[in-house]
Amino acid sequence: MSEPERRTTICRACHAQCSLVVEMAEGRPVKLYGDKDNPVYAGFSCIKGRELAAYHASPSRLLASRRRRADGGFDDISSAAMMDAIAEKVRRLVAEYGPRSVALYIGTHGYNNFASSAFANAFLTALGSPMKFTSVTIDQPGKAMSLMLHGPWLAGVPAMEHWDVLTLVGTNPIVSMNGGLGMNPARRLHQARQRGMKLVVIDPRRTDCAELADIHLAVKPGEDVPVLAAIAREIVRSNRCDRLFVEAEADGFEALRAAVDPFTPEVAAALAGVDADDIRAAARLIGEAKRGAFSAGTGVNMSGRGNLVEYLLKTLTTLKGFWRRAGEEIANPGVLINPFPALAASPGPSKAWDLGERLRVRGLAQCAAGLPTAGLAEEILLPGEGQVKALFVLGGNPVLAWPDQIRTVEAMKALDLLVTFDPHMSATAKLAHFVVAPKMPLEVCSPTALNEMIGNFGPGWGYEQPYAQWSEPLIAPPPGSDMLEEWQVFHGLAERLGLTLAIPSSAILDPKAAAAAACDVAPGAPLSPHDVWRMLLKGSPVPFDEVVTAEDGRIFDRPKVVVQPRPPGWAGRLDIGAPEMIDELASIAAGGDGAADGYPYRVISRRMRDVLNSCWHENDKLKRQFATNPAFMNPADMAALGLGAGDIVEIESVRAAIRGVVEPAPDVRPGCVAMTHAWGAAPGEDDDPRIAGANTGRLTAVDRDFDRWSGIPRMSAIPVRLRRIGSV
């Protein structure tokens, strides 16, 4: 037997876009593993990526699109007939109810291929609909909100090799692969610790990162703010902040100092349930560092105070002057994405909400993170002018991922047209009128543009070197199948409706400049995948024709870029005393710990190493450790409740109840129930939580305890009570 052919590709199981080796035999992939020769990933891969070929061959994979019958069943439908039917339905809805009646939701996987999201957004724009929603407002909206309130520092932060300390808040990048530690996170953290970098972790769980931390503050869920405020207070009072930088570049110091003054280490310790001396030690460790970084994740963004947590982390960065300065080199001047100007300056803060389209519910409007997705179910259910009648779901699974599952399912069932793009019959697909069967990663071409773009999210995101990789299709779709790339569907719908699509450049971060560089696609214009990517990468620092030669992944030879000083007359300054954030700090200082009478436990979110959200739960290798999403509890709590491993408990919030399978976890803080998001099934379908798991979104109500700007309700740190209802 001949040796397998060795090819390389980009993993698209998550946003990390690791480089994989694919061994091919007789035209099909037989083995996938990390590429040891890759200059950035150095052989890293996880089981989700190594199983990429298995997803393509999964028995549950749809090989043709499906159309729902009146009796609720589904029939296969050709791609052409499907686009004909969807286009006609959209035409009627727009004619009767107006363009706003058509909405789009882009989930996590909708970003793994820029072509899909670019064409989807262009289609809505061509229709005249502003109703574009994404997972950002139910994931980490605080990042965008705080950036506007604080103002961006255009030069960014120094590379990780220069950090003396890293503080992680509600994030575990060794597992999530996003934020704080860059690519191959466990290796990067080990290298940083070897050279002396200190690590502070603030998290209710003793996570993988917390195990390696110098200081771990196991806070009560949702009580990160008092600890961060106390750290800021200690840094200010001990004169360990960079006063010269603050005076030169920031406003609001006195307002901040007054706002954090009530948060002594003792006050913060009482609120957060940690030791006051540990808070002082963390403040001293951070305060004594010359360079460092802060990174937060979904844990805190979903716990009720995400905007303020993210704002305080940017404020601490400014207090310490942990930004890149004039004269320093930027190691990655961009390959596929044009970075911000290399200036040691800030344009200053800007408006963070009420930026455009307003929803008809709860006073919500477009914010820096986008339109509030948590208001979309209500928009669908609320009769009257502007009601959403049609929804396109790209790369997401609202039934399992959105908050308030009960209302979400009601909304999905109320739609006149629900179109999902899904490789299998997900919980949302089961309610759809049309399920579009898309091509999958090994069947399409794509670059590492996504991971380069998210390098602007914060420290430890994206690439610190001018790296990029291009992947061509490695396999053809299965014989007899009828599948399209997602962008082809929106292109086909536009043709049928006579719409010209304006495709902005994804290589340009400034929305106005990206729109100015847009390429118009006339109805019926022939397009190849390379044509599409040429449009999307228009104006990229490295030309498209050079990018496509990097199939093994490459660090490109790019001109040296040095940060320039603030230009003469530049007026922008950072704001570390934003009134909205100062007012929220004052409210917390005056309040209690937010305890909910009768609901003594808190459900907190957590990642599982082998599974990403609601994807491919039926894969046996992804279930090698856990077949479902357990309710992880501290053994002391289990003993107090008389629970054993594998027992079934009812987990009840003020909104609803779910059932979970208990597993002991000493790493979980007492009083917490740690569960993974986006599992379970629709109400009435999940009789046995040992099979489908449990959906924590059912515990939340979108109109209760929600952020007034992004609309995100409390999706972690959810008050609950527990009751044993069964055993193994």
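**Helix crossings and cavities, with reasons**

Visitor: Which hand does the crossing of H4 and H20 have?

Guide: The crossing of H4 and H20 is left-handed. Keep in mind that this is a predicted model.

Visitor: What makes H4 roughly parallel to H20?

Guide: Start with the value. The axes of H4 (residues 114-127) and H20 (residues 486-497) cross at roughly 20 degrees and come within 7 Å. Angles under 35 degrees count as roughly parallel. Therefore H4 is roughly parallel to H20.

Visitor: How do you know that H4 and H20 meet?

Guide: Contact means heavy atoms within 4.5 Å. From H4, the residues that meet H20 are Ala115, Ser116, Phe119, Ala120, Phe123 and Leu127. Their partners in H20 are Glu486, Trp487, Phe490, His491, Leu493, Ala494 and Leu497. By class, this contact of H4 with H20 has 10 nonpolar, 2 polar and 1 charged residues.

Visitor: Why is H9 called oblique to H11?

Guide: The axes of H9 (residues 224-237) and H11 (residues 253-260) cross at roughly 120 degrees and come within 9 Å. The perpendicular range is 65 to 115 degrees, and roughly antiparallel needs over 145. The angle fits neither range, so H9 is oblique to H11. The crossing of H9 and H11 is left-handed.

Visitor: Which residues join H9 to H11 in contact?

Guide: Ala229, Ala232, Arg233 and Val236 in H9 meet Phe253, Arg257 and Val260 in H11. By class, the contact of H9 with H11 has 5 nonpolar, no polar and 2 charged residues. Arg counts as charged.

Visitor: Now the cavities. How many cavities of 30 Å³ or more does the structure hold?

Guide: The structure holds 5 of them. The largest cavity has a volume of about 120 Å³. A cavity is a space where a 1.4 Å probe fits but cannot get out.

Visitor: What lines the largest cavity?

Guide: The lining has 16 residues. Nearest the centre lie Gly304, Arg305, Gly306, Asp707 and Ile712. Helix H5 (141-150) and helix H15 (306-320) each supply at least two residues of the lining. The largest share, 3 residues, comes from H15. By class, the lining has 5 nonpolar, 6 polar and 5 charged residues.

Visitor: How many charged residues line the second largest cavity?

Guide: There are no charged residues in the lining of the second largest cavity. The classes there are 9 nonpolar and 3 polar residues. This cavity holds about 70 Å³ of space. Its lining includes Cys11, Cys14, Cys18, Cys46, Phe44 and Met177. Cys, Phe and Met count as nonpolar. Also in the lining are Gln17, Ser45 and Gly49. Gly counts as polar.

Conventions: Residues numbered from 1 in each chain as written. Predicted model: local features only at pLDDT ≥ 70, side-chain atom pairs only at ≥ 80, totals over all residues. Heavy atoms only, no water. Axes fitted to C-alpha atoms, helices over the stretch in contact; angles between N-to-C directions. Helix = DSSP H or I, 4+ residues; strand = E, 2+ residues; numbered from the N terminus. Left-handed = near helix turned anticlockwise from the far one by under 90°. 1 Å grid on protein atoms, 1.4 Å probe; cavity = no way out; pocket = protein on both sides within 12 Å on 5 of 7 lines; lining within 4 Å. Points joined across faces, edges and corners; volume = space filled by probe spheres on them.
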